[in-house]
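User: Please take a close look at one part of this model, the salt bridge and the strands that carry it. Then set that part in its surroundings.

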Amino acid sequence: MVNVNFIDTIFRSVTGTAYNDVNDDGVHGLGEPRITNALVELYDDVDSNGLLDAGEPLIGTDITDAQGNYAILGVRPGTWIIKIRPPS
């Protein structure tokens, strides 16, 4: 007899728009420019503390497009940290 465990995993997409939140209100408002060509990094927040800790694995990356949009596909359910690195 063989025991087999099956796990149904629905992969997710993490999408968004990078912008300069000039007034720091967390909302993309008028006059707040989108950030193009930024590196977007998605990390697994292993301990779910909302902080990027040493050793937490990088899950995926993308570069924002001309509208500041990004999409990281094929992400397993979990808790993540997004880090955006504007172009230099």
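Analyst: In this predicted model, Arg85 forms a salt bridge with Glu41, and the closest N and O atoms of the pair are 2.9 Å apart. The two residues come from distant parts of the chain: Arg85 belongs to strand E5 and Glu41 to strand E2, with their positions 44 residues apart. A search of the whole structure finds one salt bridge.

The two partners differ in their exposure class. Glu41 has a relative accessible area of 8%, so Glu41 counts as buried, the limit being under 20%. Arg85 has a relative accessibility of 36%, which lies between the 20% and 50% limits, so Arg85 is classed as partly exposed.

The strands behind this pair are themselves joined. E2 and E5 run antiparallel and are connected by six bridges. Across this pairing, Val40 stands opposite Ile84 of E5. In general, strands of a sheet pair through backbone hydrogen bonds, in parallel or antiparallel fashion.

E2 and E5 are part of an open sheet of three strands, ordered E3-E2-E5, with antiparallel pairing. Strand E3 (58–63) and strand E5 (80–85) are at the edges with a single partner strand each, so one side of each has no neighbour in the sheet. On average, and ignoring direction, neighbouring strands of this sheet are turned by 20 degrees against each other.

Strand E2 also leads to the nonpolar core. The largest such core consists of six residues, namely Val14, Val40, Leu42, Tyr70, Ile72 and Val75. Strand E2 (39–44) and strand E4 (69–75) each supply at least two residues of this core. E4 gives the most, with three residues. One of the core residues, Ile72, is in contact with Arg12, Ser13, Val14, Val40, Leu42, Gly60, Thr61 and Asp62, leaving aside neighbours within four places in sequence.

Val40 is also touched by Thr64, a residue whose contacts, beyond four places in sequence, include Ala18, Ile35, Thr36, Asn69 and Tyr70 as well. Thr64 is located in the loop between E3 and E4. With a relative accessible area of 2%, under the 20% limit, Thr64 is buried. A polar atom of the Thr64 side chain lies 2.9 Å from the backbone nitrogen of Asn37. The backbone nitrogen of Ala38 is 2.8 Å from a polar atom of the side chain of Thr64.

Two loop residues that flank E2 in the chain order deserve a note on backbone geometry. Most residues other than glycine have a negative phi. Asp24, in the loop between strand E1 (12–17) and E2, has a positive phi near 55 degrees without being a glycine. Asp24 is exposed, at 68% relative accessibility. Ser48, in the loop between E2 and E3, likewise is not a glycine and has a positive phi of about 50 degrees. Ser48 has a relative accessible area of 48% and is partly exposed.

To return to the part requested: the salt bridge joins Arg85 to Glu41, and the strands in question, E5 and E2, are antiparallel partners with six bridges.

How values were computed:
Residues numbered from 1 in each chain as written. Predicted model: local features only at pLDDT ≥ 70, side-chain atom pairs only at ≥ 80, totals over all residues. Heavy atoms only, no water. Core = buried A, V, L, I, M, F, W, Y, C linked by side-chain atoms within 4.5 Å. Buried < 20%, exposed > 50% of the residue type's maximum accessible area, 1.4 Å probe, protein only. Helix = DSSP H or I, 4+ residues; strand = E, 2+ residues; numbered from the N terminus. Contact = heavy atoms within 4.5 Å. Pairing = 2+ DSSP bridges. Axes fitted to C-alpha atoms, helices over the stretch in contact; angles between N-to-C directions. Polar contact = N/O pair within 3.5 Å; in protein donor to acceptor, adjacent residues only side chain to side chain. Salt bridge = Lys/Arg side-chain N within 4 Å of Asp/Glu carboxyl O.
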